[in-house]
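Student: I would be grateful for a close look at one part of this structure, followed outward into its surroundings. Please keep the account connected, from the single residue to the arrangement around it.

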Amino acid sequence: VAKGEWRDYALDHQVGCAIFSVFRHSFDRPLFSVVKRVRPGNRGTEYLLLAGPRQLDSNKHLSSLLKGVEKKLRGVS
């Protein structure tokens, strides 16, 4: 956001998860979202990477999730 690649971001909280989303414009759908979700049955946490409604990846570790998609998250023109 600070570099001007994305125009806005949002943090949302829902039951059992937190969502960080980045936007091209404030009034658009999110370009990408990172979801931290508590898995049922005390099975730990899971991180999801979404592009709009489509799930791109999931992982138990946030750093691993982001390393695998660093280039996809660069920015928009």
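Tutor: Glutamate 46 belongs to strand β4, which spans residues 45-51. The model is a predicted one. With a relative accessible area of 16%, glutamate 46 falls under the 20% limit and therefore counts as buried. Its side chain is joined to that of arginine 37 by a polar contact of 2.5 Å. Leaving aside residues up to four places away in sequence, glutamate 46 touches Val35, Lys36, Arg37, Arg39, Ser58 and Asn59.

Several of these neighbours lead into the adjoining strands. Strands β3 and β4 run antiparallel and are joined by six bridges. One of the pairings across them sets valine 38 against threonine 45, its bridge partner in β4. The hairpin of β3 and β4 has six residues between the strands, and within this hairpin glycine 41 adopts a positive phi near 75°.

On the sheet as a whole, five strands form an open sheet in the order β1-β2-β3-β4-β5, with antiparallel pairing. Strands β1 and β5 (54-59) occupy the edges; each has a single partner strand, so one side of each has no neighbour in the sheet. From one strand to the next, the twist averages 20°.

The other pairings can be followed from β3 back towards the N terminus. Six bridges also connect β2 with β3, again in the antiparallel sense. Here alanine 18 stands opposite lysine 36 of β3, and Lys36 is also among the residues that glutamate 46 touches. Strand β1 (residues 8-14) pairs with strand β2 (residues 17-23) through seven bridges, in the antiparallel sense. Within that pairing, tyrosine 9 has valine 22 of β2 as its bridge partner. Two residues lie between the strands of the β1 and β2 hairpin, where glycine 16 takes a positive phi near 80°.

Valine 22, a residue of strand β2, provides a route to the nonpolar interior. Because its relative accessibility is 2%, valine 22 counts as buried. Between valine 22 and phenylalanine 32 there are 5.6 Å from C-alpha to C-alpha, although the two are 10 residues apart in sequence. Both belong to the largest nonpolar core, whose eight residues are Val22, Leu31, Phe32, Val34, Tyr47, Leu49, Ala51 and Leu65. Strands β3 (32-38) and β4 are the elements that give two or more residues to this core. The most comes from β4, which supplies three residues. Thus the strand that holds glutamate 46 is also the one that gives the most to this core.

Apart from this core lies another, of five residues, including Cys17, Ile19, Val35 and Leu48. Val35 links this second core to the starting point, being one of the residues that glutamate 46 touches. In soluble globular proteins, nonpolar side chains tend to be buried together.

Methods: Residues are numbered from 1 along each chain as its sequence is written. This is a predicted model: local features need pLDDT of at least 70, side-chain atom pairs count only at pLDDT 80 or more; totals for chains, interfaces and linings use all residues. Side-chain values use heavy atoms; hydrogens and water are left out. Two strands pair if DSSP finds at least two bridges between them. Helices (H or I, at least four residues) and strands (E, at least two) are DSSP runs, numbered from the N terminus. Buried means under 20% relative accessible area, exposed over 50%, partly exposed in between (1.4 Å probe, protein chains only). A polar contact is a pair of N or O atoms within 3.5 Å; within protein, one must be able to donate a hydrogen and the other to accept it, and residues adjacent in sequence count only if both atoms are side-chain atoms. Contact means heavy atoms within 4.5 Å. A nonpolar core is a set of buried Ala, Val, Leu, Ile, Met, Phe, Trp, Tyr and Cys residues joined through side-chain atoms within 4.5 Å. Axes are lines fitted to C-alpha atoms, for helices over the stretch in contact, and angles run from 0 to 180 degrees between N-to-C directions.
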